[in-house]
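Open the model in your viewer and keep the selection tool at hand. We will go from stop to stop, picking residues and looking at what is around them.

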Amino acid sequence: MKKALAMTLALLLLVGCAAALAEGNVLVMVNFPAEVPSDTREFVRQHMEYGEVLLVPGFSEVIAALTGGRADMSIMAAYTGSYAVQCNQELGMQALPILPMNFHMILRSADTALYESVNQALKQLVAAGVLEARYQEQVINFREEDAEQADVLDKGNYEKTLRVGVSGDMPPMDFINAAGQPAGYNVAVLYEMEKLLKMNIETVIVPSEARYQALLSEKIDVFFWHTGYVEMPEEIIATEVYARDDACLVTRSEFQ
């Protein structure tokens with residue numbers, strides 16, 4: 001974990017962006033899963049040498065901290081940054097193209113048969129161009145007004161059910177609509193996977209910081225997204241990459 005955080009922050013400093021952190025600035029980040037060692041805040045502060053780090057539970061709290069003046073900037077996926085700027089005119093974003101983000105699903109490493117099935121389904125969807133088409137439709141071309149029309153997942157008629165955790169913390173790839181239902185790219189991908197796996201897929205809303213606990217306690221079988229910048233417990237394994245993006249720095253307008 002420390003290696004990953006050090007790399008992230010080093011890359012942020014290397015880009016030399018106009019919104020570089022200075023004394024008194026606050027960087028807000030989504031908190032890491034509870035199972036990760038608890039010295040995250042002190043470690044990040046030491047490597048920044050200046051400013052403060054505010055750790056919050058999820059995306060909505062990141063935006064609230066930025067728009068409410070509790071924080072000055074945040075690192076997130078570029079498409080999530082674009083979504084944040086669309087929804088909040090007082091925010092702006094700067095690309096961090098040297099910080100790529102790869103997205104995987106994660107599940108229990110003991111579930112080898114399920115792991116192989118999920119990986120095979122993802123490979124088939126990649127080979128058929130389905131994931132790329134859904135990504136363009138649900139992520140790249142997403143607009144704020146699309147949220148109300150986004151599809152939700154209907155349960156199939158298969159014998160077995162796969163419980164997939166979603167957090168809503170990575171819009172528009174993973175978000176919760178106004179009715180409190182998972183919707184968007186997550187649902188589009190899971191709908192395609194349901195047909196290949198021949199299993200009913202049930203979405204379960206799980207906070208990002210509780211993803212490992214939810215898997216290990218068998219509350220869920222799969223968690224929808226995970227990046228390679230946080231180390232996982234040995235009992236957790238990541239699938240093939242199903243989406244890629246660069247990172248960005250989202251700031252309040254005065255830092256543009």
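Over the ring of which residue does the charged end of Arg-211 sit? Select Arg-211 and Trp-225 together: the ring is that of Trp-225, and the charged end of Arg-211 lies 4.7 Å from its centre. Bear in mind throughout that you are looking at a predicted model.

**The whole chain**

Now zoom out and colour by secondary structure. The protein chain has eight helices and 11 strands. Of its 256 residues, 53% are buried. If you draw contacts between residues at least 6 apart in sequence, 81% of them join residues at least 24 apart.

**The aromatic cluster**

Return to Trp-225 and add its companions. Trp-225 belongs to one aromatic cluster with Tyr-79, Phe-103, Tyr-135, Tyr-185, Phe-223, Phe-224 and Tyr-242. In the model as a whole, 10 aromatic pairs are counted. One of them is formed by Phe-224 and Tyr-242, which is tilted, with 5.2 Å from centre to centre and 50° between the planes. Phe-224 is in strand E9 (residues 222-227) and Tyr-242 is in the loop between strand E10 (236-238) and E11, so this pair ties together parts that are 18 residues apart in sequence. Switch on a surface and check both partners: Phe-224 is buried, at 0% relative accessible area, and Tyr-242 counts as buried too, at 6%.

**Helix H6**

Tyr-135, a member of that cluster, leads to the next stop. Select helix H6, residues 130-140. Which of its residues are buried? They are Leu-131, Tyr-135, Gln-138 and Val-139. Look down the axis of H6: these residues cover an arc of only 95°, which puts them on the same side of the helix. Show what lies over them, and you will find helix H4 (78-87), helix H5 (112-127), helix H7 (185-197) and E11 among the covering elements.

Staying on H6, pick Arg-134 and Glu-137. Their side chains meet in a salt bridge, 3.7 Å from N to O. The two residues are three apart, about one turn of the helix. Glu-137 is partly exposed at 43% relative accessibility, and Arg-134 is partly exposed as well, at 22%.

For a short detour, go to Gln-124 in helix H5. Gln-124 is partly exposed, with a relative accessible area of 37%. Measure from its C-alpha to that of Met-193: the two are 9.5 Å apart in space, though 69 residues apart in sequence.

**Helix H3 and what follows**

Next, select helix H3, residues 59-67. Its residues Phe-59, Val-62, Ile-63, Ala-65 and Leu-66 are buried. They cover an arc of only 160° around the axis, which places them on the same side of H3. Step just past the end of the helix to Gly-69, whose phi is positive, about 85°.

A little further along is Asp-72. With which residue does Asp-72 share a salt bridge? The partner is Arg-252, at 3.0 Å from N to O. Asp-72 sits in the loop between H3 and strand E3 (73-77), and Arg-252 in strand E11 (residues 243-252), so the bridge ties together parts that are 180 residues apart in sequence. Both Asp-72 and Arg-252 are buried.

Leave E11 displayed and add E3. These strands pair in the antiparallel sense over five bridges. Met-73, for example, has Thr-251 as its bridge partner in E11. Five of the five residues of E3 are buried.

**A network of charges**

For the last stop, highlight the charged side chains. The model has seven salt bridges. Opposite charges on side chains can pair when the charged atoms come close. Select Arg-108, Asp-111, Arg-163 and Asp-221, which are linked in a network of salt bridges. Within this group, label the pair Asp-111 and Arg-108, whose closest N and O atoms are 3.1 Å apart. Are these two residues buried or exposed? Asp-111 is partly exposed, at 23% relative accessible area, while Arg-108 is buried, at 11%. The cut-off for buried is under 20%, so Asp-111 falls in the partly exposed class and Arg-108 in the buried one.

Note on methods: Residues numbered from 1 in each chain as written. Predicted model: local features only at pLDDT ≥ 70, side-chain atom pairs only at ≥ 80, totals over all residues. Heavy atoms only, no water. Buried < 20%, exposed > 50% of the residue type's maximum accessible area, 1.4 Å probe, protein only. Helix = DSSP H or I, 4+ residues; strand = E, 2+ residues; numbered from the N terminus. Arc of directions from axis to C-beta. Salt bridge = Lys/Arg side-chain N within 4 Å of Asp/Glu carboxyl O. Pairing = 2+ DSSP bridges. Phe/Tyr/Trp six-rings, centres within 6.5 Å; stacked < 30°, edge-to-face > 60°. Lys NZ or Arg CZ within 6 Å of the ring centre and 35° of its normal. Contact = heavy atoms within 4.5 Å.
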